[in-house]
Amino acid sequence: MAFMDELMEALTVDKIFRVILGWIGYGLVFYSLANIVLPRWGLESREHAGTRYFIANCMVSGGFTAYCATLGVETIMNLGDDFLYDTYPPLVSYSRFAFIYFTYDLVSFFIVYVSQRKQLPPSIILTVLGYCTHRGDFVLHHLGMAFFLLPIVSFVVPNKGHIVFAVIVLHEVSTPLLHVCQIYRALKKMDSLTFKVCAILFLITFFIFRVCAFPYLYWRFMRYKHMNSLVEVVMHLPWYCNFGSFSIVILQYFWLVRIGKTYGKVLWPQLFKTE
């Protein structure tokens with residue numbers, strides 16, 4: 001009940017108005033890139049509509065994730081040694097700003113999905129269901145961030161555990177590089193030096209800031225509690241913390257292998273020969 005009371009108090013007319021303005025702002029940037037800027041790059045035909053909207057989505061997302069990465073680095077640098085109670089107020093502000101982005105991105109990628117389809121189902125409901133099925137991982141990630149993790153940061157624990165959320169935000173360090181690679185793939189320029197350099201840097205940063213993120217948190221907690229090994233940390237924490245952390249690490253490792261194979265075929269074709 002306390003959480004719901006805080007949530008209702010937070011939903012003032014002013015804040016709702018800011019959310020709407022944020023949606024409009026993101027939408028205008030997305031629309032302008034897709035229909036004004038990118039057509040001047042030789043993507044003006046209707047056949048290129050899907051590519052234009054996809055690249056526009058990557059550019060907007062790349063800008064947001066670059067901001068996330070910067071904020072994550074700032075937060076880590078400004079937090080002290082108190083693992084639980086050191087705070088960095090801009091991180092809470094980010095959580096409210098990020099809600100606008102994740103909800104916008106669900107809609108913008110739906111537009112990308114529709115623009116890339118030659119034939120759509122007869123109703124909008126079936127189209128939405130097809131989108132959720134085709135990009136289920138993407139939809140679940142954004143819904144989870146917008147309606148679960150971000151409200152927790154804003155209302156449940158706004159004054160503790162910022163190190164955990166900062167490390168989660170740092171996951172995005174690799175994402176701008178991924179968006180650059182996706183843009184080059186969409187433009188069929190995967191042989192370029194820029195694509196290859198960004199792909200290698202993406203794989204390196206993905207491993208450091210995603211796969212190693214929660215082991216780093218366990219190490220920080222070990223130092224905070226003056227423990228002697230990570231095994232003690234695992235035994236000390238509740239089972240659901242360990243389950244959640246291990247699940248995220250396994251998921252990140254799965255994505256690293258999957259994306260690594262895709263880019264490895266371009267970067268090191270001799271090592272990834274297909275029959």
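Q: Which word fits S174, buried or exposed?
A: The relative accessible area of S174 is 0%. Buried means under 20%, exposed over 50%, and partly exposed in between, with a 1.4 Å probe and protein chains only. S174 is therefore buried.

Q: What kind of model is this, and which cut-offs apply to it?
A: Residues are numbered from 1 along each chain as its sequence is written, and side-chain values use heavy atoms, with hydrogens and water left out. The model is predicted: totals for chains, interfaces and linings use all residues, local features need pLDDT of at least 70, and side-chain atom pairs count only at pLDDT 80 or more.

Q: Which residues does S174 touch, beyond those up to four places away in sequence?
A: S174 lies in the loop between α7 and α8. Helices (H or I, at least four residues) and strands (E, at least two) are DSSP runs, numbered from the N terminus. Contact means heavy atoms within 4.5 Å. The partners of S174 are F202, T205, F206 and R210.

Q: Which residue meets E172 in a salt bridge?
A: A salt bridge is a side-chain nitrogen of Lys or Arg within 4 Å of a carboxyl oxygen of Asp or Glu. For E172 the N to O distance is 3.7 Å. The partner is R210.

Q: How many residues apart in sequence are the parts that E172 and R210 tie together?
A: E172 lies in the loop between α7 and α8 (175-186), and R210 lies in helix α9 (residues 193-211). E172 is buried at 12% relative accessibility, and R210 is buried at 15%. The parts that this pair ties together are apart in sequence by 38 residues.

Q: How many salt bridges does a search of the whole structure find?
A: E172 and R210 form a salt bridge. R135 forms a salt bridge with D137, with the closest N and O atoms 4.0 Å apart. R135 is partly exposed at 24%, and D137 is partly exposed at 38%. The search finds two.

Q: What is the nearest side chain of opposite charge to D105, and how far away is it?
A: D105 is in helix α4 (residues 90-115). Lys and Arg count as positive and Asp and Glu as negative, while His and the chain ends are not counted. D105 is buried yet has no salt bridge. The nearest opposite charge is on R135, at 8.1 Å.

Q: Which residues contact D105, leaving aside neighbours within four places in sequence?
A: D105 is buried. Its contacts are N57, S61, Y131, F138 and H142.

Q: How far apart in space are L170 and T70, C-alpha to C-alpha?
A: L170 is in helix α7 (residues 162-170). L170 counts as buried because its relative accessibility is 10%. L170 touches A69, G72, V73, I76 and F209, not counting residues up to four places away in sequence. L170 and T70 are 100 residues apart in sequence, and their C-alpha distance is 8.1 Å.

Q: How many disulfides are counted?
A: A disulfide is a covalent bond between the sulfur atoms of two cysteines. The rule here asks for a pair of cysteine sulfur atoms within 2.5 Å. The count is zero.

Q: How far is the sulfur of C198 from that of C181?
A: C181 is in no disulfide, and C198 is in none either. C181 is buried at 0%, and C198 is buried at 11%. The sulfur of C198 is the nearest cysteine sulfur to C181, at 5.3 Å.

Q: What is the phi of K188 near, in degrees?
A: Most residues other than glycine have a negative phi. K188 is found in the loop between α8 and α9 and is exposed at 75%. Its phi is positive, near 60 degrees.

Q: What is the phi of H226 near, in degrees?
A: H226 lies in the loop between α10 (213-224) and α11 (230-236). H226 counts as exposed at 70% relative accessibility. Its phi is also a positive value, near 55 degrees.

Q: What accessible area does the nonpolar surface patch with L271 have together?
A: Patches are made of residues with over 30% relative accessible area and no salt bridge; like charges are joined within 9 Å, and nonpolar side chains (Val, Leu, Ile, Met, Phe, Trp, Tyr) within 5 Å. L271 lies in the segment after α12 (239-267) and is exposed at 69%. The other members are L193, V197, I200, L201, I204, F207, I208 and W268. Together the patch has about 870 Å².

Notes: Areas by Shrake-Rupley, 256 points an atom, 1.4 Å probe, with all protein chains shown as cover.
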